[in-house]
Amino acid sequence: LTGTTGILWALSGIFFIYVAFLGQKQQLLYQSLEIHQNREELELTRDELAGQREALQEQSHTFKLQQFENTFFQLLQLRMKIRESIDVPINPIDRINLGYSSKDNEKRDLKGSDAFRQMSLHLLKKLRHSKQEINVVYQEFYESYQSDLGHYFRNLYRIVKFVDQSNLTLAQKYSYTSIVRAQLSNSELVLLFY
């Protein structure tokens, strides 16, 4: 009897060890399944974070472009104010050539685009009647209008340099400098050329 009881106890011990082993095996399967699900969730989280990063980069790019455009158009507005503040006196011969009547005597200065037209006509007339080199004639001309033209051209230079130094594509830079070019009158272009 003691031998049979010992065998039964040994057999029941093996049975409990086998049941415990099966429980651990099942627990390992559940942990493996949970790890697999966690990996899938991690991949989904990575994808979502990548999407959010892309959206943030897009927002950042849009914000930088808005900042650029805001500054660019403020610079253009400043250029227009500078241009409109430029004034040159009308001499009597030019008064007749420009078609001003005697009633316009109170108008002594030309402003803005009219001033640029007057200055470009003055420069072209000097160039036609001078035997000196273009550089010398322009230097004399520039010295007489330096207070107006110097400020104007420095501002125009800053606008173009601002566009050039931006992080825009070449096509975008061309587009913005074309906007600047479209704002220049023929008279301004003549002065810029010389």
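Biologist: In this predicted model, what makes the packing of helix 1 (residues 2-85) and helix 5 (residues 170-182), with their axes 11 Å apart, count as roughly parallel?

Modeller: Helix 1 and helix 5 pack at an angle of about 15 degrees, and angles under 35 degrees count as roughly parallel, so helix 1 is roughly parallel to helix 5. The crossing of these two helices is right-handed.

Biologist: Which residues of helix 1 meet which residues of helix 5?

Modeller: On the side of helix 1 there are Leu-65, Phe-68, Glu-69, Phe-72, Phe-73 and Leu-76, and they meet Tyr-176, Ile-179 and Val-180 of helix 5. The residues of this contact divide into eight nonpolar, no polar and one charged.

Biologist: Why is the pair of Phe-68 and Tyr-176 called edge-to-face?

Modeller: A search of the whole structure finds 12 aromatic pairs. For Phe-68 and Tyr-176 the ring centres are 4.9 Å apart and the planes stand at 75 degrees; rings pair if their centres lie within 6.5 Å, and planes over 60 degrees apart count as edge-to-face, so this pair is edge-to-face. Because Phe-68 lies in helix 1 and Tyr-176 in helix 5, the pair ties together parts that are 108 residues apart in sequence. Both Phe-68 and Tyr-176 are buried.

Biologist: And how do you know which kind of pair Phe-72 and Phe-73 make?

Modeller: The same reasoning applies. The ring centres of Phe-72 and Phe-73 are 5.1 Å apart, with the planes at 75 degrees, so this pair is edge-to-face as well. One aromatic cluster is formed by Phe-68, Phe-72, Phe-73, Phe-162 and Tyr-176.

Biologist: What makes Phe-72 count as buried or exposed, and what is said of Phe-73?

Modeller: Buried means under 20% relative accessible area, exposed means over 50%, and partly exposed lies in between. Phe-72 has a relative accessibility of 0%, so Phe-72 counts as buried, whereas Phe-73 has a relative accessible area of 40% and is therefore partly exposed.

Biologist: Where is Asn-155 found, and why does Asn-155 count as buried or exposed?

Modeller: Asn-155 is found in helix 4 (residues 134-164). With a relative accessibility of 8%, set against the limit of under 20% for a buried residue, Asn-155 counts as buried.

Biologist: Which residues does Asn-155 touch, if those up to four places away in sequence are not counted?

Modeller: Leaving out those sequence neighbours, Asn-155 touches Leu-75, Leu-78, Arg-79 and Ile-82.

Notes
Residues are numbered from 1 along each chain as its sequence is written. This is a predicted model: local features need pLDDT of at least 70, side-chain atom pairs count only at pLDDT 80 or more; totals for chains, interfaces and linings use all residues. Side-chain values use heavy atoms; hydrogens and water are left out. Axes are lines fitted to C-alpha atoms, for helices over the stretch in contact, and angles run from 0 to 180 degrees between N-to-C directions. Helices (H or I, at least four residues) and strands (E, at least two) are DSSP runs, numbered from the N terminus. Angles under 35 degrees count as roughly parallel, over 145 as roughly antiparallel, 65 to 115 as roughly perpendicular and the rest as oblique. A crossing is left-handed if the near helix is turned anticlockwise from the far one by less than a right angle, and right-handed if clockwise. Contact means heavy atoms within 4.5 Å. Ala, Val, Leu, Ile, Met, Phe, Trp, Tyr, Cys and Pro count as nonpolar, Asp, Glu, Lys and Arg as charged, and the others, Gly among them, as polar. Rings of Phe, Tyr and Trp (its six-membered ring) pair if their centres lie within 6.5 Å; planes under 30 degrees apart count as stacked, over 60 as edge-to-face and the rest as tilted. Buried means under 20% relative accessible area, exposed over 50%, partly exposed in between (1.4 Å probe, protein chains only).
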